[in-house]
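Student: I'm new to this one and would like a close look at a single part, the nonpolar core. Could you walk me through it and whatever helps to place it?

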Amino acid sequence: MPDRRLLHTFASRPDTGSGHKTESLMKIKSILTLIMPLLAGVSACDDFALCPDEQLGELRWILDSSVPTKSSGEIPDTNDFILTIRDADGKTLYEGSYGDSPEYLPVQPGNYTIGIVSIPFKAPAFSKPQYGDVQVAVVPSGGKVTVRLQCTLLNAGIRLKIASDFLSTYPGGVLFVRQDSHQLKYGYYEKRIAYVFPGEVSVLLSNEGRDEILFTRRLNAREILSLSISAPAPGNTGSSVAVAVDTTKNWTADSLVIGGEHSGGGNGGEDWQKAISVAEAPAHSGEKGVWVYGYIVGGDLSSAGKNVKTEGFSKNTHIALADRSSITTKSSCIAVELPKGDVRDALNLVAHPELRGKRVYVKGNIVDSYFGTTGLKGTSAYRLP
């Protein structure tokens with residue numbers, strides 16, 4: 001590294017005469033000419049700009065769509081999940097819906113945190129399961145890194161089964177699910193799950209101006225607790241409420257991983273719930289009767305360049321699917337043939353332009369190339385969630 005003290009040494013030399021002064025100035029100019037480009041390079045690296053031997057990398061991400069299960073109920077559209085990408089200094093590079101996110105981000109070498117949640121969750125609420133994941137990626141100079149997000153249920157839940165004798169014993173009583181400073185009224189005929197943060201949660205009875213905690217328990221993430229509450233008769237002092245954990249209806253929602261082995265993620269066989277994602281399709285080339293799922297992002301691939309056509313469709317014989325609705329690069333899509341008949345009538349974008357951006361499951365034969373990208377030909381079945 002050039003010694004910055006050289007500048008101070010030459011600049012502070014005493015004046016011993018005009019000749020010497022001229023000679024000194026010339027030497028200073030010569031030295032400055034040599035070292036200033038080096039100093040500029042050092043300054044650029046010190047300011048966290050790319051050094052000459054570093055190149056921008058690419059950060060990509062993928063979240064496979066999912067299917068509903070008996071225990072989880074209907075899963076929200078992953079297109080609407082909230083994605084946040086931050087660098088090592090906490091600077092936000094992207095924050096918004098997963099469906100609107102770009103296909104990739106050009107980034108400097110370094111560490112990046114990618115987080116995703118299905119919905120915001122701030123207090124106990126009914127029918128508000130929150131799925132999410134956080135991953136840290138290290139992008140090397142000039143490297144391409146793809147992060148696979150696998151969302152699981154982040155919150156917990158509690159469900160009450162209130163016996164008829166409780167209603168007759170406490171006709172004016174009100175039940176609440178309480179957590180910290182928040183409480184949620186639980187109606188006698190409520191059937192929904194009350195979702196809470198993992199941690200301690202209580203069931204409270206408010207009756208005739210008196211509050212009584214009936215039950216307290218610490219719940220883990222993904223744990224859904226069912227409680228039976230009855231009151232055969234009021235006691236002489238306090239209440240005679242009986243609270244029991246209903247183990248026959250208790251379950252832990254760990255059978256669902258959005259973007260993981262339980263969310264589609266199968267072999268794409270006869271069951272549409274085992275469909276593979278668009279990203280997984282190339283690895284199954286040559287297989288027949290495979291279910292694949294993705295978002296309809298465009299069509300008219302015969303007239304498209306590097307990107308699929310997203311409006312003004314004229315071809316009803318095929319569509320393009322991608323892992324999220326914002327992707328339009330043809331090489332990141334699969335081309336799906338729509339044979340004449342029910343499949344074409346239901347899915348072609350000429351007749352149904354409103355389907356662009358919608359998730360779909362299709363069954364067919366995976367081929368290496370169709371319109372210049374991986375293809376699904378002989379499509380024989382479809383399913384629109």
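Student: To start, what percentage of the residues in the protein chain is buried?

Tutor: Keep in mind that this is a predicted model. Of the 385 residues in the protein chain, 43% are buried. As for secondary structure, you'll find 4 helices and 24 strands. Looking at contacts with a separation of 6 or more, 60% are between residues 24 or more positions apart. The chain's accessible surface is about 19,800 Å², and carbon and sulfur atoms hold 51% of that.

Now for the core itself. In soluble globular proteins, nonpolar side chains tend to be buried together. Here, the largest nonpolar core contains 27 residues, and the ones with the most contacts inside it are L59, L83, I85, Y98, I114 and I116. Several strands feed this core: β1 (57–62), β2 (82–87), β4 (105–107), β5 (110–117), β7 (131–139) and β8 (144–148) each give at least two residues to it.

Let's zoom in on L83. Setting aside neighbours within four places in sequence, L83 has contacts that include Y98, I114 and I116, and those three are also on the list of residues with the most contacts inside the core. W61, Y94, E95, G96, S101, G115 and L149 are in contact with L83 as well.

There's another core apart from this one, with 25 residues, including V177, V196, V203 and L214. Follow V203 and you come to a pair of strands: the bridge partner of V203 is F215, in β15. Strand β14 (residues 199–207) and β15 run antiparallel, with 9 bridges joining them.

That pair belongs to an open sheet of 4 strands, ordered β12-β11-β14-β15, with antiparallel pairing. The edges are β12 (182–186) and β15 (210–219); each has a single partner strand, so one side of each has no neighbour in the sheet. From one strand to the next, the twist averages 25°.

For a contrast with the buried cores, try G357, which sits in the loop between α4 (342–347) and β23 (359–370). Its relative accessibility is 22%, and buried means under 20%, so G357 counts as partly exposed. Leaving out residues up to four places away in sequence, G357 touches N79, Y295, I296 and S325. G357 and I327 are 30 residues apart along the chain, and their C-alpha atoms are separated by 10.0 Å.

Key:
Residues are numbered from 1 along each chain as its sequence is written. This is a predicted model: local features need pLDDT of at least 70, side-chain atom pairs count only at pLDDT 80 or more; totals for chains, interfaces and linings use all residues. Side-chain values use heavy atoms; hydrogens and water are left out. Two strands pair if DSSP finds at least two bridges between them. Axes are lines fitted to C-alpha atoms, for helices over the stretch in contact, and angles run from 0 to 180 degrees between N-to-C directions. Buried means under 20% relative accessible area, exposed over 50%, partly exposed in between (1.4 Å probe, protein chains only). Contact means heavy atoms within 4.5 Å. Accessible areas come from the Shrake-Rupley method with a 1.4 Å probe; for residues, only the protein chains shown count as cover. A nonpolar core is a set of buried Ala, Val, Leu, Ile, Met, Phe, Trp, Tyr and Cys residues joined through side-chain atoms within 4.5 Å.
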